[in-house]
Amino acid sequence: MLFGNHDRFLRMVRDAFQVQVVARDRMLRLDGHDELVQQAAGVLSSLLDTVRQHGRLEVRDVESAIEAAKRGFVPTVEDSVGVYFEGHVVKAKTPGQRRYIAAINSNDLVFCIGPAGTGKTYLAVALAVSALKKQQLHKIILARPAVEAGERLGYLPGDIEDKVNPYLRPLYDALLDMIGFAQLRKYLETELIEIVPLAYMRGRTLDDAFIILDEAQNCTVKQMKTFLTRIGVKSRIVVTGDITQVDLPEGEMSGLIDVQHRLRRIRGVAFVYLTDEDIVRHRLVRDIVAAYDRKKGPRPGGPADSSDSIPDPSEGDEP
């Protein structure tokens, strides 16, 4: 399993790190630059852990392990969440994601703040699904504020479910990856999983549940207080958001920004901050986030920053 069909996986590791790989009997010999040999050996060791733990290995597992190693991170068995997606195990791919998983496993309330593509929601949903399958908790509740992202969509047709579904679609997508349509529909019908807009949380006490609040940067301070006070006995809450993408009306304080100062010193509450180094989507996402994080445009009373200026196509030798 480790080698792959016709040694495909070994060749992927060999080509990624420019090392020579020789397999004889039950031994693997790696030759090449010391640092690259160490990275390749770490990847193979991690993949062997996956084989021993789950009895399977897919191309996606190999690709993820190679990408993580090139960032200086080698996943271990402890980084696995125990949920499958497209045949591979969901696991931490960066040190930040490792801290995030550890925080959820050891705290009743976790706030994860970071840019798009860092796995904030996806890992939380994976841990919730894992807990449900292991019968550690009795239900999953996923909530999101129904706030438009800079657009005004107007009145949407249909009943209340039709109106809120567009806002909750990312949560459905994550669950479909890990559970599948038939199983998800069964869980929704039996209310083992609830996906609700944040406004529906008022007045409820949520016992024995894994509760996720997504896009929490779009909660007001009052909404955040209302949500956090729903937690019941034997429940866990994960709150995720990106404080650089607040879509609240101008002048309205984000509850996710406010809560960092209010709850930081409370025992059992953890804050995890992910950065662009933890982005695990397409490589371009990291570059896009970095580009938007840089100061851009003319400064008040001064010239534009030359590093952010857009060249005039009429200048220079090329058209």
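**From one loop residue to the helix packing**

Lys234 sits in the loop between α8 and β9 (236-241). Start there. The model is a predicted one. Lys234 is not a glycine, yet its phi is positive, at about 60°. Is Lys234 buried or exposed? Its relative accessibility is 57%, so Lys234 counts as exposed, because exposed begins over 50%.

A second residue of this kind lies on the other side of α8. Glu215 belongs to the loop between β8 (209-213) and α8 (221-228). Its phi is also positive, near 55°, and Glu215 is not a glycine either. Here the relative accessibility is 28%, so Glu215 counts as partly exposed. Values from 20% to 50% fall in that class.

Stay in the loop between β8 and α8. Asn218 is found there too. It is buried, with a relative accessible area of 4%. Which residue from far along the chain comes close to Asn218 in space? It is Leu248, 30 residues away along the chain. The two C-alpha atoms are 5.8 Å apart.

Now step into α8 itself. Lys222 is part of this helix. Its relative accessible area is 60%, which makes Lys222 exposed. Its C-alpha atom is 7.3 Å from that of Gly255, although 33 residues separate the two along the chain. Other residues of α8 are hidden: Met224, Thr226, Phe227 and Leu228 are buried. What do the buried residues of α8 pack against? Their partners are three strands and a helix: β5 (109-113), β8, β9 and α9 (255-262).

Take a step back to the whole chain. It has 319 residues, and 44% of them are buried. Its secondary structure amounts to 10 helices and 10 strands. Consider the contacts between residues 6 or more positions apart. Of these, 68% join residues that are 24 or more positions apart. The pairs Asn218 with Leu248 and Lys222 with Gly255 are separated by such stretches of chain.

Next, go to the beginning of the chain. Helix α1 covers residues 8-17, and Phe9, Leu10, Val13 and Phe17 are its buried residues. Viewed down the axis of α1, they fall within an arc of 105°, so they line one face of the helix. That buried set packs against β1 (20-24), β2 (27-31), α2 (34-54) and α3 (59-70). Directly after α1 comes Gln18, with a positive phi near 55°.

Several helices pack in pairs. Two packed helices are described by the angle between their axes and the distance between the axes. Take α1 and α3 to begin with. Their axes are 10 Å apart, at an angle of about 20°. That makes α1 roughly parallel to α3, because angles under 35 degrees count as such. The crossing of α1 past α3 is right-handed. On the α1 side the contact has Arg8, Phe9, Met12, Val13, Ala16 and Phe17. On the α3 side it has Val59, Val62, Glu63, Ile66, Ala69 and Lys70. By class, these residues are nine nonpolar, three charged and no polar.

Helix α3 has another partner in α2. The axes of α2 and α3 come within 10 Å and cross at roughly 140°. The two helices are therefore oblique to each other. Why not roughly antiparallel? Because that label needs an angle over 145 degrees. The α2 and α3 crossing is right-handed. Gln39, Val43 and Leu47 of α2 make the contact with Asp61, Val62, Ala65, Ile66 and Ala69 of α3. Six of these residues are nonpolar, one is polar and one is charged. Val62, Ile66 and Ala69 of α3 also appear in the contact with α1.

One more pair lies further along the chain. Helix α4 spans residues 95-106 and helix α5 spans residues 120-133. Their axes come within 11 Å and cross at roughly 40°. So α4 and α5 are oblique to each other. The crossing is right-handed. From α4, the contact takes Gln97, Tyr100, Ile101, Ile104 and Asn105. From α5, it takes Lys120, Leu123, Ala124 and Leu127. The split is six nonpolar, two polar and one charged.

How values were computed:
Residues are numbered from 1 along each chain as its sequence is written. This is a predicted model: local features need pLDDT of at least 70, side-chain atom pairs count only at pLDDT 80 or more; totals for chains, interfaces and linings use all residues. Side-chain values use heavy atoms; hydrogens and water are left out. Buried means under 20% relative accessible area, exposed over 50%, partly exposed in between (1.4 Å probe, protein chains only). Helices (H or I, at least four residues) and strands (E, at least two) are DSSP runs, numbered from the N terminus. The arc is that of the directions from the helix axis to the C-beta atoms. Contact means heavy atoms within 4.5 Å. Axes are lines fitted to C-alpha atoms, for helices over the stretch in contact, and angles run from 0 to 180 degrees between N-to-C directions. Angles under 35 degrees count as roughly parallel, over 145 as roughly antiparallel, 65 to 115 as roughly perpendicular and the rest as oblique. A crossing is left-handed if the near helix is turned anticlockwise from the far one by less than a right angle, and right-handed if clockwise. Ala, Val, Leu, Ile, Met, Phe, Trp, Tyr, Cys and Pro count as nonpolar, Asp, Glu, Lys and Arg as charged, and the others, Gly among them, as polar.
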